[in-house]
Amino acid sequence: MFRLVRVITPEQSPEAPIALISGAHWDGGHIAIADVSESNAKLFDSDGLHVATMGRRGEGPGEFLQPRYPQLLDGRLFVADGALGRVSVWTIAGELVREIETRIGYISAFAAMPDGRLVFAGQGFGDSDAALGVYTDDGARLMQGLDTNNVLPANADPSLPWGNMRQTHFAVSNDTAWAVSTISDSIWAVPLNRAEVQPESYRLDIPGYVAPAAPEVPLRSPGDLMEWGKSFHGAARPVASSALLAIPFVQGVLNYGDPTILVIRDRNGAWYALRDAPPVIAVSSERLLVIDNPLEEQVRLAVYQKRLAD
(Lines give C-alpha, C1' and ligand atoms only; values in the text may rest on other atoms or scores of the structure.)
Protein backbone atom coordinates (compact mmCIF):
# COMPACT_ATOMS: atom_id res chain seq x y z
CA MET A 1 0.00 0.00 0.00
CA PHE A 2 2.96 2.34 0.59
CA ARG A 3 6.24 2.83 -1.25
CA LEU A 4 9.50 4.13 0.18
CA VAL A 5 10.18 7.69 -0.98
CA ARG A 6 13.26 8.77 0.97
CA VAL A 7 15.28 8.27 4.14
CA ILE A 8 16.10 11.14 6.52
CA THR A 9 18.81 11.00 9.19
CA PRO A 10 18.15 13.74 11.76
CA GLU A 11 21.30 15.65 12.70
CA GLN A 12 22.53 14.79 16.19
CA SER A 13 25.41 15.88 18.39
CA PRO A 14 26.55 15.23 21.97
CA GLU A 15 24.81 18.50 22.86
CA ALA A 16 21.57 17.63 21.02
CA PRO A 17 21.05 13.86 20.92
CA ILE A 18 17.78 12.04 20.31
CA ALA A 19 17.45 9.68 23.27
CA LEU A 20 13.78 8.70 23.68
CA ILE A 21 11.15 9.92 21.20
CA SER A 22 7.93 10.75 23.07
CA GLY A 23 6.07 12.34 20.18
CA ALA A 24 6.60 13.80 16.74
CA HIS A 25 4.88 16.06 14.23
CA TRP A 26 5.58 16.63 10.55
CA ASP A 27 4.00 19.41 8.54
CA GLY A 28 5.54 18.21 5.28
CA GLY A 29 8.54 20.45 5.86
CA HIS A 30 9.80 20.69 9.41
CA ILE A 31 9.92 17.66 11.71
CA ALA A 32 9.41 18.25 15.44
CA ILE A 33 10.50 15.56 17.90
CA ALA A 34 9.79 15.56 21.63
CA ASP A 35 12.40 13.76 23.72
CA VAL A 36 11.21 12.77 27.19
CA SER A 37 14.66 11.55 28.21
CA GLU A 38 16.38 14.81 27.27
CA SER A 39 13.42 16.91 28.53
CA ASN A 40 13.27 18.99 25.38
CA ALA A 41 11.84 19.22 21.88
CA LYS A 42 13.96 19.46 18.74
CA LEU A 43 13.10 20.89 15.35
CA PHE A 44 14.62 19.65 12.09
CA ASP A 45 14.22 20.78 8.49
CA SER A 46 13.07 18.47 5.70
CA ASP A 47 16.64 17.21 5.17
CA GLY A 48 17.13 16.40 8.84
CA LEU A 49 19.30 19.41 9.70
CA HIS A 50 18.90 20.56 13.30
CA VAL A 51 17.12 23.94 13.48
CA ALA A 52 16.49 24.53 17.18
CA THR A 53 16.15 22.89 20.60
CA MET A 54 13.36 23.96 22.93
CA GLY A 55 13.43 23.53 26.69
CA ARG A 56 15.39 21.74 29.38
CA ARG A 57 14.58 19.76 32.55
CA GLY A 58 12.70 21.66 35.23
CA GLU A 59 9.34 23.15 36.14
CA GLY A 60 10.01 26.80 35.35
CA PRO A 61 9.15 28.79 32.20
CA GLY A 62 10.30 26.95 29.09
CA GLU A 63 11.20 23.82 31.06
CA PHE A 64 9.79 20.29 30.87
CA LEU A 65 9.33 17.20 32.97
CA GLN A 66 7.62 15.09 30.28
CA PRO A 67 7.56 16.86 26.90
CA ARG A 68 5.19 15.04 24.56
CA TYR A 69 2.88 15.53 21.57
CA PRO A 70 4.62 18.39 19.70
CA GLN A 71 2.58 20.10 16.99
CA LEU A 72 3.58 22.59 14.31
CA LEU A 73 0.86 25.13 13.53
CA ASP A 74 1.03 28.56 11.85
CA GLY A 75 4.77 28.92 12.28
CA ARG A 76 4.70 27.93 15.95
CA LEU A 77 5.53 24.77 17.87
CA PHE A 78 3.17 23.61 20.62
CA VAL A 79 4.57 21.10 23.13
CA ALA A 80 2.44 19.54 25.88
CA ASP A 81 3.99 18.45 29.15
CA GLY A 82 2.16 15.36 30.40
CA ALA A 83 3.29 15.72 34.00
CA LEU A 84 3.00 19.50 34.42
CA GLY A 85 -0.39 19.67 32.67
CA ARG A 86 0.55 22.64 30.51
CA VAL A 87 1.43 23.57 26.93
CA SER A 88 4.44 25.62 25.84
CA VAL A 89 4.32 27.63 22.61
CA TRP A 90 7.56 28.35 20.76
CA THR A 91 8.70 30.03 17.56
CA ILE A 92 10.47 27.77 15.07
CA ALA A 93 13.65 29.66 15.99
CA GLY A 94 13.40 28.22 19.52
CA GLU A 95 12.06 31.25 21.41
CA LEU A 96 9.40 30.72 24.08
CA VAL A 97 6.23 32.67 23.26
CA ARG A 98 3.90 31.68 26.09
CA GLU A 99 2.75 28.88 28.37
CA ILE A 100 -0.82 27.70 28.75
CA GLU A 101 -1.84 26.27 32.12
CA THR A 102 -4.69 23.73 31.87
CA ARG A 103 -5.00 22.36 35.43
CA ILE A 104 -5.28 18.89 33.92
CA GLY A 105 -3.84 16.27 36.23
CA TYR A 106 -2.07 14.28 33.51
CA ILE A 107 -2.05 14.75 29.72
CA SER A 108 -1.99 11.58 27.58
CA ALA A 109 -2.75 13.22 24.21
CA PHE A 110 -2.86 16.75 22.78
CA ALA A 111 -3.77 18.59 19.58
CA ALA A 112 -3.94 22.30 18.69
CA MET A 113 -6.73 23.31 16.31
CA PRO A 114 -6.36 26.04 13.64
CA ASP A 115 -9.17 28.05 15.31
CA GLY A 116 -7.25 28.19 18.61
CA ARG A 117 -9.00 25.38 20.47
CA LEU A 118 -6.84 22.89 22.35
CA VAL A 119 -7.89 19.24 22.68
CA PHE A 120 -6.57 16.97 25.43
CA ALA A 121 -6.92 13.41 26.64
CA GLY A 122 -5.87 12.60 30.15
CA GLN A 123 -6.95 12.63 33.77
CA GLY A 124 -8.31 15.39 35.96
CA PHE A 125 -10.91 17.21 33.87
CA GLY A 126 -13.21 17.64 36.86
CA ASP A 127 -15.43 14.73 35.80
CA SER A 128 -13.73 11.49 36.86
CA ASP A 129 -15.27 9.62 33.91
CA ALA A 130 -14.13 12.13 31.26
CA ALA A 131 -11.12 11.14 29.18
CA LEU A 132 -11.22 14.04 26.69
CA GLY A 133 -11.51 17.80 27.08
CA VAL A 134 -11.56 20.83 24.78
CA TYR A 135 -10.08 24.14 25.96
CA THR A 136 -9.59 27.69 24.72
CA ASP A 137 -6.07 28.87 23.94
CA ASP A 138 -5.90 30.60 27.34
CA GLY A 139 -6.63 27.39 29.26
CA ALA A 140 -10.39 27.77 29.90
CA ARG A 141 -12.34 24.50 29.56
CA LEU A 142 -15.05 24.47 26.88
CA MET A 143 -16.32 20.89 27.22
CA GLN A 144 -15.38 17.44 28.45
CA GLY A 145 -16.57 13.87 28.09
CA LEU A 146 -15.81 10.46 26.55
CA ASP A 147 -15.90 7.72 29.18
CA THR A 148 -13.38 5.05 28.13
CA ASN A 149 -12.76 3.72 31.64
CA ASN A 150 -15.15 0.79 31.41
CA VAL A 151 -14.59 -0.31 27.81
CA LEU A 152 -12.92 -3.69 27.39
CA PRO A 153 -12.00 -5.74 24.32
CA ALA A 154 -14.75 -7.97 22.96
CA ASN A 155 -15.37 -11.09 25.10
CA ALA A 156 -12.95 -9.86 27.79
CA ASP A 157 -13.26 -10.93 31.41
CA PRO A 158 -14.20 -7.75 33.35
CA SER A 159 -12.60 -9.09 36.55
CA LEU A 160 -9.05 -8.80 35.19
CA PRO A 161 -6.79 -5.85 36.21
CA TRP A 162 -7.22 -3.83 33.01
CA GLY A 163 -6.63 -0.43 34.61
CA ASN A 164 -2.88 -1.01 34.97
CA MET A 165 -2.36 -0.47 31.23
CA ARG A 166 -5.15 1.97 30.40
CA GLN A 167 -4.65 5.37 28.78
CA THR A 168 -6.64 7.25 26.15
CA HIS A 169 -4.91 8.58 23.03
CA PHE A 170 -6.31 10.37 19.99
CA ALA A 171 -5.45 12.04 16.70
CA VAL A 172 -7.40 14.87 15.09
CA SER A 173 -8.42 14.75 11.44
CA ASN A 174 -11.00 16.99 9.73
CA ASP A 175 -12.50 18.33 12.98
CA THR A 176 -12.87 14.83 14.43
CA ALA A 177 -10.85 13.35 17.29
CA TRP A 178 -10.26 9.62 16.68
CA ALA A 179 -9.67 8.21 20.17
CA VAL A 180 -8.45 4.79 21.33
CA SER A 181 -7.88 3.15 24.69
CA THR A 182 -4.58 1.34 25.16
CA ILE A 183 -6.20 -2.00 26.04
CA SER A 184 -9.29 -1.82 23.84
CA ASP A 185 -10.22 -2.95 20.34
CA SER A 186 -12.58 0.04 20.00
CA ILE A 187 -12.28 3.48 18.47
CA TRP A 188 -14.31 6.61 19.18
CA ALA A 189 -14.99 9.25 16.53
CA VAL A 190 -15.57 12.46 18.51
CA PRO A 191 -16.94 15.41 16.47
CA LEU A 192 -15.27 18.61 17.66
CA ASN A 193 -17.67 21.02 15.97
CA ARG A 194 -20.49 20.53 18.48
CA ALA A 195 -21.32 22.14 21.81
CA GLU A 196 -20.85 18.88 23.74
CA VAL A 197 -18.65 15.80 23.41
CA GLN A 198 -20.86 13.36 21.50
CA PRO A 199 -18.81 10.27 20.58
CA GLU A 200 -19.71 7.60 18.08
CA SER A 201 -18.17 4.27 19.09
CA TYR A 202 -16.77 1.63 16.73
CA ARG A 203 -15.55 -1.87 17.54
CA LEU A 204 -12.66 -2.73 15.23
CA ASP A 205 -12.16 -6.12 13.59
CA ILE A 206 -8.38 -6.25 13.21
CA PRO A 207 -6.77 -9.30 11.52
CA GLY A 208 -4.10 -10.70 13.85
CA TYR A 209 -5.20 -8.69 16.89
CA VAL A 210 -4.50 -10.55 20.15
CA ALA A 211 -6.94 -9.72 22.95
CA PRO A 212 -5.50 -9.31 26.47
CA ALA A 213 -5.24 -12.44 28.58
CA ALA A 214 -5.02 -12.76 32.34
CA PRO A 215 -1.49 -12.26 33.73
CA GLU A 216 0.13 -15.53 34.74
CA VAL A 217 1.56 -13.98 37.91
CA PRO A 218 0.29 -11.13 40.12
CA LEU A 219 1.41 -7.73 38.83
CA ARG A 220 3.71 -6.72 41.69
CA SER A 221 6.50 -4.97 39.79
CA PRO A 222 7.19 -3.04 36.55
CA GLY A 223 8.84 -6.21 35.24
CA ASP A 224 5.63 -8.19 35.79
CA LEU A 225 3.67 -5.49 33.98
CA MET A 226 6.07 -5.47 31.02
CA GLU A 227 5.95 -9.25 30.74
CA TRP A 228 2.15 -9.24 30.75
CA GLY A 229 2.15 -6.51 28.11
CA LYS A 230 3.88 -8.85 25.66
CA SER A 231 0.82 -11.12 25.57
CA PHE A 232 -1.51 -8.80 23.61
CA HIS A 233 -1.76 -5.92 21.16
CA GLY A 234 -2.20 -2.58 22.95
CA ALA A 235 -3.28 0.51 21.04
CA ALA A 236 -0.53 3.13 20.89
CA ARG A 237 -0.88 6.81 19.97
CA PRO A 238 -2.66 7.39 16.61
CA VAL A 239 -1.39 9.94 14.10
CA ALA A 240 -3.46 11.62 11.41
CA SER A 241 -3.62 14.09 8.53
CA SER A 242 -6.61 15.22 6.49
CA ALA A 243 -6.08 12.16 4.27
CA LEU A 244 -4.87 9.37 6.57
CA LEU A 245 -5.46 8.02 10.07
CA ALA A 246 -2.90 5.53 11.40
CA ILE A 247 -3.41 3.56 14.64
CA PRO A 248 -0.59 1.25 15.81
CA PHE A 249 -1.51 -1.84 17.79
CA VAL A 250 1.76 -2.96 19.40
CA GLN A 251 2.41 -6.41 20.84
CA GLY A 252 4.63 -5.62 23.80
CA VAL A 253 5.02 -2.64 26.10
CA LEU A 254 4.34 0.02 23.44
CA ASN A 255 8.03 0.39 22.63
CA TYR A 256 9.42 1.06 19.17
CA GLY A 257 10.59 -2.21 17.65
CA ASP A 258 7.85 -4.45 19.05
CA PRO A 259 5.60 -6.32 16.57
CA THR A 260 2.95 -3.97 15.24
CA ILE A 261 -0.36 -4.16 13.40
CA LEU A 262 -0.95 -0.79 11.74
CA VAL A 263 -4.60 0.12 11.19
CA ILE A 264 -5.08 2.66 8.38
CA ARG A 265 -8.15 4.69 7.42
CA ASP A 266 -7.76 6.46 4.07
CA ARG A 267 -9.42 9.60 2.72
CA ASN A 268 -12.31 7.51 1.30
CA GLY A 269 -13.14 5.95 4.68
CA ALA A 270 -11.72 2.52 3.81
CA TRP A 271 -9.93 0.61 6.58
CA TYR A 272 -6.82 -1.58 6.25
CA ALA A 273 -4.74 -3.62 8.72
CA LEU A 274 -1.04 -4.02 7.89
CA ARG A 275 1.00 -6.65 9.72
CA ASP A 276 4.61 -6.19 10.86
CA ALA A 277 4.55 -2.44 10.23
CA PRO A 278 7.42 -0.16 11.26
CA PRO A 279 6.81 2.39 14.05
CA VAL A 280 4.83 5.31 12.56
CA ILE A 281 5.46 8.59 14.39
CA ALA A 282 3.83 11.18 12.09
CA VAL A 283 1.64 11.62 9.01
CA SER A 284 1.54 14.37 6.40
CA SER A 285 -1.08 14.20 3.64
CA GLU A 286 -0.80 10.61 2.31
CA ARG A 287 2.74 10.05 3.58
CA LEU A 288 3.91 8.20 6.68
CA LEU A 289 7.01 9.12 8.67
CA VAL A 290 8.40 6.00 10.34
CA ILE A 291 11.42 5.03 12.42
CA ASP A 292 13.42 3.06 9.88
CA ASN A 293 15.83 1.45 12.37
CA PRO A 294 14.03 1.26 15.72
CA LEU A 295 16.58 -0.93 17.49
CA GLU A 296 19.67 1.09 16.53
CA GLU A 297 21.16 4.04 18.40
CA GLN A 298 21.43 6.44 15.45
CA VAL A 299 17.86 7.50 14.56
CA ARG A 300 16.94 7.17 10.91
CA LEU A 301 13.51 8.14 9.55
CA ALA A 302 11.84 6.88 6.38
CA VAL A 303 9.08 8.51 4.34
CA TYR A 304 6.46 6.26 2.73
CA GLN A 305 3.93 7.49 0.14
CA LYS A 306 0.55 5.83 -0.28
CA ARG A 307 0.33 4.10 -3.64
CA LEU A 308 -2.41 5.06 -6.07
CA ALA A 309 -5.32 2.62 -6.27
CA ASP A 310 -5.36 0.32 -9.27
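## Surroundings of D35

In this predicted model, D35 touches several residues that lie beyond its neighbours within four places in sequence: P17, I18, A19, L20, S22, N40, K42 and P67. D35 itself belongs to strand β3, which covers residues 31–35.

Is D35 buried or exposed? Its relative accessible area is 1%, and because buried means under 20% relative accessible area, D35 counts as buried. The side chain of D35 also makes a polar contact, reaching the backbone nitrogen of E38 at 3.0 Å.

## An open sheet of four strands

An open sheet is built from 4 strands, arranged in the order β16-β17-β18-β19 with antiparallel pairing. Strands β16 (168–173) and β19 (200–203) occupy the edges; each has a single partner strand, so one side of each lacks a neighbour in the sheet. On average, neighbouring strands of this sheet are turned by 25° against each other, direction ignored.

Within the sheet, β17 (residues 176–181) pairs with β18 (residues 186–191) over 4 bridges, in the antiparallel sense. Here W178 stands opposite A189 of β18.

In a regular strand, side chains alternate between the two faces of the sheet.

## Pairing around strand β27

Which strand is joined to β1 by 6 bridges? The partner is β27 (residues 301–306), which runs antiparallel to β1 (residues 2–8). One of the residues involved is F2, whose bridge partner in β27 is K306.

Strand β27 is also joined to β26 (residues 287–291), by 5 bridges and again in the antiparallel sense. In this pairing, R287 stands opposite Q305 of β27.

Terms used. Residues are numbered from 1 along each chain as its sequence is written. This is a predicted model: local features need pLDDT of at least 70, side-chain atom pairs count only at pLDDT 80 or more; totals for chains, interfaces and linings use all residues. Side-chain values use heavy atoms; hydrogens and water are left out. Two strands pair if DSSP finds at least two bridges between them. Helices (H or I, at least four residues) and strands (E, at least two) are DSSP runs, numbered from the N terminus. Axes are lines fitted to C-alpha atoms, for helices over the stretch in contact, and angles run from 0 to 180 degrees between N-to-C directions. Buried means under 20% relative accessible area, exposed over 50%, partly exposed in between (1.4 Å probe, protein chains only). A polar contact is a pair of N or O atoms within 3.5 Å; within protein, one must be able to donate a hydrogen and the other to accept it, and residues adjacent in sequence count only if both atoms are side-chain atoms. Contact means heavy atoms within 4.5 Å.
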